[in-house]
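Subject: Handover of a structure

Hello,

Here is the structure I said I would pass on to you. Please open it beside this message and look up each residue as you read.

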There are 2 protein chains.
Amino acid sequence: MKDSLKHFLEPESIAIVGASRTSDNPGYLILRNLKDFGFSGRIYPINPEGGEILGIKTYRSIKELAGGVDLVVSMVPANKTLQVLAECAARGIKAVLLVQAGFSEAHLEGKKLENEVAQRAFSMGIRVIGPNAAGFVNTSNNLVLHSYPINFLKRGEVAFIAQTSQFCCHVMEFMFSSLHYGVSKSVDLGNKCDIDDADILEYLEDDPDTRVIAIHMKTIKDSRRFIDACRKVSKKKPIIVFKTGRTEDGIKTAISHTGAMRMDDVMLTNALKQARIIRAMDMDEFLDLAKVLRSPTIPKGNRVGVITFSGGIGSMMADACGQYGLKLASFSNRTIERIKPTLSSSARVVNPIDCWAAASPLDISEFYRVAVDALMSDDNIDMIIVSFVLNENFWYPDFHHIFKDQKFPFEKPMVGWGIGGDKAVRKGTAILEDMGVQVFASPERAVRAIHALSMFHNQTENL
Amino acid sequence: MKDSLKHFLEPESIAIVGASRTSDNPGYLILRNLKDFGFSGRIYPINPEGGEILGIKTYRSIKELAGGVDLVVSMVPANKTLQVLAECAARGIKAVLLVQAGFSEAHLEGKKLENEVAQRAFSMGIRVIGPNAAGFVNTSNNLVLHSYPINFLKRGEVAFIAQTSQFCCHVMEFMFSSLHYGVSKSVDLGNKCDIDDADILEYLEDDPDTRVIAIHMKTIKDSRRFIDACRKVSKKKPIIVFKTGRTEDGIKTAISHTGAMRMDDVMLTNALKQARIIRAMDMDEFLDLAKVLRSPTIPKGNRVGVITFSGGIGSMMADACGQYGLKLASFSNRTIERIKPTLSSSARVVNPIDCWAAASPLDISEFYRVAVDALMSDDNIDMIIVSFVLNENFWYPDFHHIFKDQKFPFEKPMVGWGIGGDKAVRKGTAILEDMGVQVFASPERAVRAIHALSMFHNQTENL
C-alpha cells in the first residue's frame, strides 16, 4: 500500500484529463497550482483540443502520451469516469485521482456508479483517491495538486487529512496564517471509494516530514482496519481525529453528503481511545491539538509552571489546569531563591507567578526573563505556560530579552497566550511563534493544548 | 444604593488625590484618560505641589477645594488611605475610589488595614469602590476614570464588571477590536471592601444603556445578597457570570490575590442556575455569550436554520446543535419552493443548506441571498447561522447583495462564521458585524452562542 500512495504523493509524472484553458475552471486551477508551486516532475495536460495550456504541451488523450505516467487526475464529468479508467488501464497506470462530484454524495445513481468505478479500478489494479476529492498537497516535493486556488503554503510537521474539499482548502489557509503552523501533507479523501484513512496512515507512519497526523472525517469506510492502523501508527506519532456526525442531526448531515453508512459513535469513541487516538470534539480543539503536538520536546509529567501578568488570569489558568487534571507545580527552592531578589516588596513567589504584581514596573521584561529561565531549569516543572499583556501604549513585552537565555527547541514544552487589541495581539503572536513559543487563543485553550501533550506522552509511556 | 453609584458613574465633579506630572504614573494616566475621552464635569487634580497638570488647575489638598465634590479618587499609598477618608468626610464627600494595592490581596497587615478602611468609611457615610481597583468607564457620559492607559473605546450594550485590573483593561481592548462589541459601563471592583457586584447589579437594572451584564469575579463578598440581586435583575437583563476559583488550585490562586474567603463552587453553580444566571466556564464562552445576548431580537424557540458552504461544516454545525439541544429546523414548503429554482441539478433543499453544492458557481452570492431571505421568513425557523468561505482569490461573498433584503434589527437572530486566511477573515468579519450579523470564531462557538440566546429566552418565559 505504501508504494501505491507514492504514486499519488511522490509522482514523477502527472496527466490531467480535463485540463482547461478557462481561468476559473478547476481543470485550469489544478494545472496552475502545479506550476506555481514548482512541481518538478513532468506534467501532461489532456484536452481534446490539444495545443498548449499555461505553456505546457497538451495532449488530446491518454492514448497520445508517449511514455508512462505515475498518476492521472480525472477532472471530467462523473459519467465519463469508467472510460478514463479503461484508458488508464490500457497504459498501465496505477493511480487515479477523481476530482469530480456527482457520485454517492449526490444521488442513488451516483452511488451505483461509484460502486462500479471501485470494482472496475480494483479489477484493473488501479488505486483511486476520491471521487469528490479536491486534491492533495505534499510540501516535501512542492506538489500542489489541488483543484481549488491555493493562495499560499506553509511547510510544517502536520499531515492534514480531510473529507471535505472546502474544509480542507480554507482551513489550511486559516492554519497557515492565523494559527502559524504548516503541513507536511494535506489530502482530501472525498468519498473514499478506494483509498481511505487507513491507507494514508500506513504511508505517513514512516514519512520523515510528518510528526503529527490530524484527520477530519465525516465517515469511516472500514472501521476495524482504521482502528488497527491507528493502533499501529500512534505508537510512533500522535493522531488526532475530528469525526463529525456525532449527534443524530450530525449523522444525518454527514451521511447525506457522502452517501456512507453510519456507525455507532460511542463505539467509535471507545475504539479510538483504546488505539491511543485523541478525539477532538470541535474545530478549535482539532486545530489546537494538531498544533501543540508538534512540540519537539515532550513533558515528563503533568506539573505546570504558569507565568502571568494578573491574578485573575492566574486563577483562570489554575482552574483550567484543575479541570484537565494538570498540577500546578511547587517551585524548587532554587527557583524561589532565583526569583526572590527581583521581587517587589509585598510579592510572594507562588505558582502562578504574577509578574505584574511581583516586578517593579520598569523591570517587568527582566522579571519575565528570570522567571522563564528559573522555571525552565526547575526539575519540579514539566511544562510552562507564559502569558502576556500586549499593549503598545502601556507595556509591551521585550520578547527578545525575555527569551534570550532560551534556545529552541526548549528543554521543556512552553506555550503562550497574550491579550490586548487585535493588532498588538497579532504582532506579539507572530514574534512568539517565530521564537518557538506556541501561542493559543485563550488561557483555557493554552491549558487544553498542553494537557493533550502530556496525555499523549503518558499514554505512550504505558504501552 | 442606586444613588450612591451615581456618585461614581455619573459624577459632575471628581477630585484626584495623588495626581501626578510623571507620564507613566497612574496618577497622571487617570487624569489624561479623563481629559482625552472628553469628560465634561469638573476635574480637580490634587498634588502637594499645586500648579497645573495637563493644563488643569491643581490643588494642594482636599481642604483647598472651594465647592463640593461628587467623587474622590485616591491614588496615594495604602497607609495614607485613612487620612484621605477623614479629609473626604470633613468635606461631606460620599464616594471614594481606592486605586492603590497593598491591602488584603498583599498581606495580613493589608487585610487589617482594609477592614479598618471599610469600617471607617461606613461610619462616615462614605461608599468605597476598591481598594486595588483600576477604575471604571461609563461610555454614556464619556467618563473614563481608569488608571491604565485606555487606547480606544467602543460604546455598546454590555456592562462589563471585573475583579482584576489587568483583565478588565486588556480584555476590553480585545473585545472592542477582535470581537467587535463595546461597553455601556466597565467597572473594576478590586477587593470589594464595600461596593460589590450586587450594588452594581442594582444600579444596572434600570440603566437604559445596558442590555447585557457580564461579570468576571474571583470572589463573592456576600453570596446571598449577590444571588438575590441576580434573581431580581435577570428578569430584565441577561447576566453572565465568569467566576474563577472553580478548582482546588484555582481557588487557592483566586484567594491569594484578593484575600477573600472561599465558597463552595457547586453550591454557587446551583444558586446561579436558580437565579437564571448563565455561568461561563472559560474566557471565550464569557466573551462570546456577552456578545450574543446583545441581540435585539430573541428566538421564539430552539429551531435553527443553517446556511453553509460545505457538507463538512454543515455536519459540524449539526453536531454542535445536537450537543446543545438545538433542533435543525425542517424547512417550510414555501422555503423549499423558493430555493428550488436556484438549485443546481443534483442538489436537495435540506438543512443545513450547502450553498456551494447547491448553487451554480457564478451565482453563489445570489443563492445565499435567496436562502437567507427564505429562512428569515420561514416560521419553522427561530434563528439562523450563516457561514462563509472568505478567500479573495477564490470566491468572496458579496455581503451587500446577500443581505440586501434584510433590515437590522433582523426579524430573528442571525449569527455568522467565516473561514480563510487571516486577512480575509478579518475583512469579512468587519463587514458582517457592520451589517449586524454577529460573528463567532468557529462553527461550534457560533452554535454555543445562539444556544445561550435561546436558553435565556426560554428561562425567562418560564418565570
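What follows is a short account of what was found, beginning with the contact between the chains and ending with single residues. Please keep in mind that this is a predicted model.

How the two chains are related

Two copies of a chain are related by a rotation about an axis and a shift along it. In this case, a turn of 180° and a shift of 0.0 Å along the axis lay chain B on chain A with an RMSD of 0.0 Å. That is the relation of a two-fold axis. If you want to find the axis from chain B, look for B:Ala441: its C-alpha is the nearest to the axis in that chain, at 5.2 Å.

Do the copies meet through the same surface or through opposite ones? Of the interface residues of chain B, 99% are also interface residues in chain A, so the copies meet through the same surface.

The interface

Chain B brings 70 residues to the contact and chain A brings 71 residues. Between them, an area of about 5300 Å² is buried, and carbon and sulfur atoms give 56% of that area. Which three residues supply more than any others of the area that chain B buries against chain A? They are B:Gln166, B:His170 and B:Asp319, which together supply 11%.

Polar contacts also cross between the chains: there are 20 residue pairs of this kind, with both residues at pLDDT 80 or more. On the side of chain B that touches chain A, helix H11 (residues 311–324) of chain B has the largest share, with ten residues. Sorted by class, that side has 25 nonpolar, 28 polar and 17 charged residues.

Salt bridges between the chains are few enough to list by count: the rule finds two across this interface. One salt bridge joins B:Asp284 to A:Arg445, with 4.0 Å between the closest N and O atoms. These two residues also belong to a network of salt bridges, whose members are A:Asp284, A:Asp288, A:Arg445, A:Arg448, B:Asp284, B:Asp288, B:Arg445 and B:Arg448.

Salt bridges within a chain

Over all chains, the count comes to 54 salt bridges. Three examples follow.

In chain A, A:Arg21 and A:Glu49 form a salt bridge, and their closest N and O atoms are 3.6 Å apart. The two residues are 28 residues apart and sit in different loops: A:Arg21 between strand S1 (13–17) and H2, A:Glu49 between strand S2 (42–46) and strand S3 (52–53). A:Arg21 is partly exposed, at a relative accessible area of 38%, whereas A:Glu49 counts as exposed at 60%.

A second pair in chain A is A:Glu392 with A:Lys427, where the closest N and O atoms are 2.6 Å apart. A:Glu392 lies in the loop between strand S18 (383–390) and helix H15 (399–402), and A:Lys427 lies in helix H16 (residues 422–434), so the pair ties together parts that are 35 residues apart in sequence. Both count as partly exposed: A:Glu392 has 47% relative accessibility and A:Lys427 has 38%.

The third example is in chain B, where the side chains of B:Asp199 and B:Arg225 meet at 2.5 Å, N to O. This pair links helix H6 (residues 197–205) to helix H7 (residues 223–233), and the two residues are 26 residues apart. Is B:Asp199 buried or exposed? At 2% relative accessibility, B:Asp199 counts as buried, while B:Arg225 is partly exposed at 29%.

Two residues to look at

A:Lys243 is in strand S13 (residues 239–243) of chain A. Its relative accessible area is 6%, which is under the 20% limit, so A:Lys243 is buried. A polar atom of the side chain of A:Lys243 lies 3.2 Å from the backbone oxygen of A:Lys218. Leaving out residues up to four places away in sequence, A:Lys243 touches several others, among them A:Met217, A:Leu268, A:Arg279 and, from the other chain, B:Asp319.

A:Leu31 belongs to helix H2 (residues 26–36) of chain A and is buried, with a relative accessible area of 0%. Beyond its neighbours within four places in sequence, its contacts include A:Ile16, A:Ala19, A:Ile43 and A:Pro45. For a sense of distance, the C-alpha atoms of A:Leu31 and A:Gln274 are separated by 42 Å.

Regards

Technical notes: Residues numbered from 1 in each chain as written. Chains lettered and ligands numbered in written order. Heavy atoms only, no water. Contact = heavy atoms within 4.5 Å. Buried area = accessible area lost by both parts, 1.4 Å probe. Polar contact = N/O pair within 3.5 Å; in protein donor to acceptor, adjacent residues only side chain to side chain. Helix = DSSP H or I, 4+ residues; strand = E, 2+ residues; numbered from the N terminus. Nonpolar A, V, L, I, M, F, W, Y, C, P; charged D, E, K, R; others polar. Least-squares fit on C-alpha atoms with pLDDT ≥ 70 in both. Buried < 20%, exposed > 50% of the residue type's maximum accessible area, 1.4 Å probe, protein only.
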